[in-house]
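Good morning, and thank you for making time for this short presentation. Please look at the sequence and the structure as they come up, and I will take you through them.

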Amino acid sequence: MKKECLECREKFHGRADKKFCSAHCRSVYNNRRNRDFNNFMRNINNILRKNRRILADANTTGKTRVHRDKLMEQGFKFAYFTNEYVTKAGRVYRFCYDQGYIETENGYLTLVVRQEYVE
Ligand SMILES: [Zn+2]
């Protein structure tokens, strides 16, 4: 059966489930894919760490009120957080590790710190 190698695009003969012309092409392909995924994870981890640091720096009192624009000026990305905590009243805390916030009114947030890990 004529197949096309996923790495070098050369045609080769092989079983239906064979994707590469050689072990070399398979390893080049998989190494690149792992590297791309590692970069992807590293970028997200860096965003989360940066978010956490911005929150920690801004939270000078342990429960600081701050405007969301002030965090965004420093590069805070609201789409990235590690976990959410919803109170019985339905209010949502979002955390980057131990540092969190809850939205209050007019774009203001209250920053909080959580000591213990909760599943
Ligand atoms: Zn190949």
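His-67 stands opposite Tyr-108, a residue of strand E7. That pair belongs to the pairing of E3 with E7, where the two strands run antiparallel and are joined by three bridges. I should say at once that what you see is a predicted model.

Let me stay with E7 and turn to its other partner. Strand E6, residues 99–103, pairs with strand E7, residues 108–113, over five bridges, again in the antiparallel sense. Two positions illustrate this pairing. Gly-100 faces Val-112 of E7, and Tyr-101 has Leu-111 in E7 as its bridge partner. In general, side chains along a regular strand alternate between the two faces of the sheet.

What links E6 to E7? The two strands form a hairpin with four residues between them, and in the turn Asn-106 has a positive phi of about 55°. Asn-106 thus lies in the loop between E6 and E7. Is Asn-106 buried or exposed? Asn-106 has 7 other C-beta atoms within 10 Å, and residues with 12 or fewer count as exposed, so Asn-106 is exposed. Between the C-alpha atoms of Asn-106 and Glu-116, ten residues apart along the chain, the separation is 30 Å.

We can now place these strands in the whole sheet. Five strands make up an open sheet, in the order E3-E7-E6-E5-E4, with antiparallel pairing. Why do E3 and E4 each have one side without a neighbour in the sheet? Strand E3, residues 65–67, and strand E4, residues 83–86, stand at the edges and each have a single partner strand, so one side of each is left without a neighbour. On average, neighbouring strands of this sheet are turned by 35° against each other, direction ignored.

Next, the nonpolar core. The largest one has ten residues, among them Ile-54, Leu-55, Phe-95, Tyr-101 and Leu-111. At least two residues of this core come from each of H1, strand E5 (92–96) and E7. Tyr-101 deserves a second look here. Leaving aside neighbours within four places in sequence, Tyr-101 is in contact with Leu-55, Arg-94, Leu-109, Thr-110, Leu-111 and Val-112.

Helix H1 covers residues 23–58, and Phe-40 has its place there. Phe-40 has 10 other C-beta atoms within 10 Å, and the limit for an exposed residue is 12 or fewer, so Phe-40 is exposed. The C-alpha atoms of Phe-40 and Lys-18 are separated by 27 Å, with the two residues 22 apart along the chain.

Finally, the chain as a whole. The secondary structure comes to two helices and seven strands, and from the N terminus on the elements run β-β-α-β-α-β-β-β-β. The radius of gyration is 23 Å, well over the 14 Å that the globule rule gives for 119 residues, so the chain is more spread out than a compact globule. Along its principal axes the C-alpha trace spans about 65 × 30 × 25 Å. Of the 119 residues, 13% are buried. Among contacts with a separation of 6 or more, residues 24 or more positions apart account for 35%.

To close, I would ask you to keep two residues in mind: Tyr-101, which is part of the largest nonpolar core, and Asn-106, which is exposed. Thank you for your attention.

Key:
Residues are numbered from 1 along each chain as its sequence is written. This is a predicted model: local features need pLDDT of at least 70, side-chain atom pairs count only at pLDDT 80 or more; totals for chains, interfaces and linings use all residues. The radius of gyration is taken over C-alpha atoms; the globule rule is 2.2 Å times the number of residues to the power 0.38. A residue is buried if 20 or more other C-beta atoms lie within 10 Å of its own, exposed if 12 or fewer, and partly exposed in between; C-beta atoms are placed from the backbone. Two residues are in contact if their C-beta atoms, placed from the backbone, lie within 7 Å. Two strands pair if DSSP finds at least two bridges between them. Axes are lines fitted to C-alpha atoms, for helices over the stretch in contact, and angles run from 0 to 180 degrees between N-to-C directions. A nonpolar core is a set of buried Ala, Val, Leu, Ile, Met, Phe, Trp, Tyr and Cys residues joined through C-beta atoms within 7 Å.
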